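Colleague: I should be grateful for a close look at one part of this model, namely its salt bridges. Please describe the partners and their surroundings in some detail.

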Amino acid sequence: MKDLLLITPPFTQLNTPYPGTAYLKGFLNTKEIGAFQMDLGIEVILELFKKETFEEIFQLAFENDRIQSENCERIYALKEHYLKSLDDIILFLQGKNQTFARQICTTNFLPQASRFAQLDDMDYAFGAMGMQDKAKHLATLYIEDLSDFIVECIDPDFGFSRYAERLGQSANAFNALYAQLQDNETYIDQITLELLDAQIKDTQPKLICFSVPFPGNLYSAFRCAQFIKANYPEIKIAMGGGFPNTELRSVTDIRVFEFFDFINLDDGELPIELLYNAVLKNETTFKRTFILENGTIVYKNNSTLPDYKQVDVGTPDYSDLPLDRYISVIEIANPMHSLWSDGRWNKLTMAHGCYWGKCTFCDISLDYIKIYEPVAASLLVDRMETLIAQTGETGFHYVDEAAPPSLMKALALEILKRNLSVTWWTNIRFEKNFTQDLCILLKASGCIAVSGGLEVASDRLLKLIDKGVTVEQVAQVTRNFTEANIMVHSYLMYGYPTQKVQETVDSLEMVRQLFEVGVLQSGFWHQFALTAHSPVGLNPSDYGITPNYKNISFANNDVDFTDSTGIDHTQFSFGLKKSLFNFMHGIGFDIPLQDWFDFDIPETDIDPDFIYNSLAQEPVFNIKPTAKIVWLGSMPLVSEFSKTKKGTTKDFLEFTFHDTADSFQITLEKEKGLWLLDILEDITPQHKPQSFKQLKTSFETQFEDFELFWYAKPVNVLRDYGLLVL
């Protein structure tokens, strides 16, 4: 028995749990409140994609005469082939049957329907030896074919990472969702509710809390709540998470409370603790909680307690979740996209909120972004070690709005200090503090990828967005990451208020050049969406747009609007995405921009060598006295020798260094060599970093002119092999 049951409703990700419930369970552990968590999404997928279930699906589709398209006719005709291999495919995608990869890659082993028509050149995408990834990609296409069969013949709302998403997107009124909830349960609803029922019987909770991060989770959360109200009326039900935080801040439709007793906003730790006290101890104080009181929705925020600091929220706890049963898929042959869908990642945050907090398209008025609170690097690595021990996984996705460079540096040094072998990636701003040396440090600590918003690759619009970067700066920063072998993904935007056609074309040219010179490896275009809580949404006239407001009784975030330019930006969608797909595969750079579109566009005004020239600028050799000096390399083998010149004998030290990929040597006068030997030991990550000024002072107690020594060839060689200025 557990007093609380925490649930993520279908569907989020196949490969790793969405972290909301794990964060809450970790916090509740600090309060000794017993809670059980359940990812209904992966549970439903595993129940759906098994031989026994699909035998029933094929039978239902046939009996109900739902098989209409040629594609589904083909799948049905090949049903025995699908049924034979389905359970083995799922095991393989769970990492439990790796030798099956060779069978999967055998020509014509897997039945193939329409998804295989999109098949990339497999040898180009995965190489001759990429057997596991190639098999994973083929297996992914196989289950996507089966998902197409489900959508056409069983449930049109099905999707692997979302369910009935249309009902949650811009649902200003509750009517459509409420009407759907009055209809009969779907086939997938039945699977979901059977699993939920079994868990409730086993756990016997008094309070069930649904974490609803996205519109694609909303319908299932309401369907589950409806089931609980009908069958377990004594259990109280709450909803929190990303969707209510951004969309339900103006809810007035009392029908919502036929399903939920409480809706919480923003940080969930204190609100859920107070809910627990309300349900189990009859206390009456709440934090940022909607309830129904005397037939009216009331916003209760009568607790005087402050929200918990990040140091006090505990370490996320992934226990209860079936970590060995998540499914890794490779949907497209793109290495950055695979990070979202392939492999199990422990999810953490370096800081609450965003340290920049100015981007005008972002919901910076809301607490989850507005209130910035970093976590100490030592505590972050403590949490990493705890999660490694609990999950057996050493991969971490830091899900920050934008990870601060200074904290990333401290985190990397702490990881290296503890000699941990981990893999991690995160979201960033492409700001100038990401120097070449910092990127090398991040890579050494296990950072493999970063994603950041270039948004509109136009300096005028970047200034209007208040992004705090220029295209030239982005090019230099992405170059620093790329040269450190850290993959770079860029979020790209079109249709920003007042954006002209010329600026869209020029943005595409900037993106083309960034890919052509090789400093971007991945990207994604999305059309600007106006949100109610962003600076643009709060002050639309400042940005030349007219919002088309509706009567809000349910969800309030995305807002329709009219741009003063009158440009239909949707016409650019296909051409932008098609060109980007080609650029990511290293092709199409010589194709005229006009050829990506089926309507006339102006020629670009961007110099064809703009990005190349941005990267050709000479670096500035100006080291701040407070800059930290770190040595990432190994300690050298040292030999002594003497040279006699014009009757004078001098002693020298020869240093031989071996790093993971290379060996090199430097030679110094003996006394300076002995000084350097002592210093190298002191400036490894296992010791407290020393500043440039401290090194200069130490050197000049024995010798003269530290700058002459620092910029001489021996130190320059060390700079190429891991002597960093941070």
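Modeller: The account below takes the salt bridges in turn, after a brief view of the chain.

This is a predicted model, in which local features need pLDDT of at least 70 and side-chain atom pairs count only at pLDDT 80 or more, whereas totals for chains, interfaces and linings use all residues. Residues are numbered from 1 along each chain as its sequence is written, and side-chain values use heavy atoms, with hydrogens and water left out.

The chain has 726 residues, of which 55% are buried; buried means under 20% relative accessible area, exposed over 50%, and partly exposed in between (1.4 Å probe, protein chains only). Its secondary structure amounts to 28 helices and 25 strands, taken as DSSP runs numbered from the N terminus (helices H or I, at least four residues; strands E, at least two).

The count of salt bridges is 27, a salt bridge being a side-chain nitrogen of Lys or Arg within 4 Å of a carboxyl oxygen of Asp or Glu. One of them joins Asp 3 to Lys 206, with the closest N and O atoms 3.5 Å apart. Asp 3 lies in the segment before strand E1 (4-8) and Lys 206 in the loop between helix H10 (187-203) and strand E3 (207-211), so this pair ties together parts that are 203 residues apart in sequence. Asp 3 is partly exposed at 22% relative accessibility, and Lys 206 is partly exposed at 38%.

A further salt bridge links the side chains of Arg 115 and Glu 144, at 3.6 Å from N to O. Because Arg 115 lies in the loop between H6 and H7 and Glu 144 in helix H8 (residues 131-153), the pair ties together parts that are 29 residues apart in sequence. Arg 115 is partly exposed, with a relative accessible area of 23%, while Glu 144 counts as buried at 10%.

Lys 467 and Glu 455 also meet through their side chains in a salt bridge, with 3.1 Å from N to O. Lys 467 belongs to the loop between helix H19 (459-465) and helix H20 (471-483), and Glu 455 to strand E13 (residues 447-455), so parts that are 12 residues apart in sequence are tied together. Both Lys 467 and Glu 455 are buried.

Finally, salt bridges also form a network, which links Arg 249, Asp 266, Arg 288 and Asp 307.
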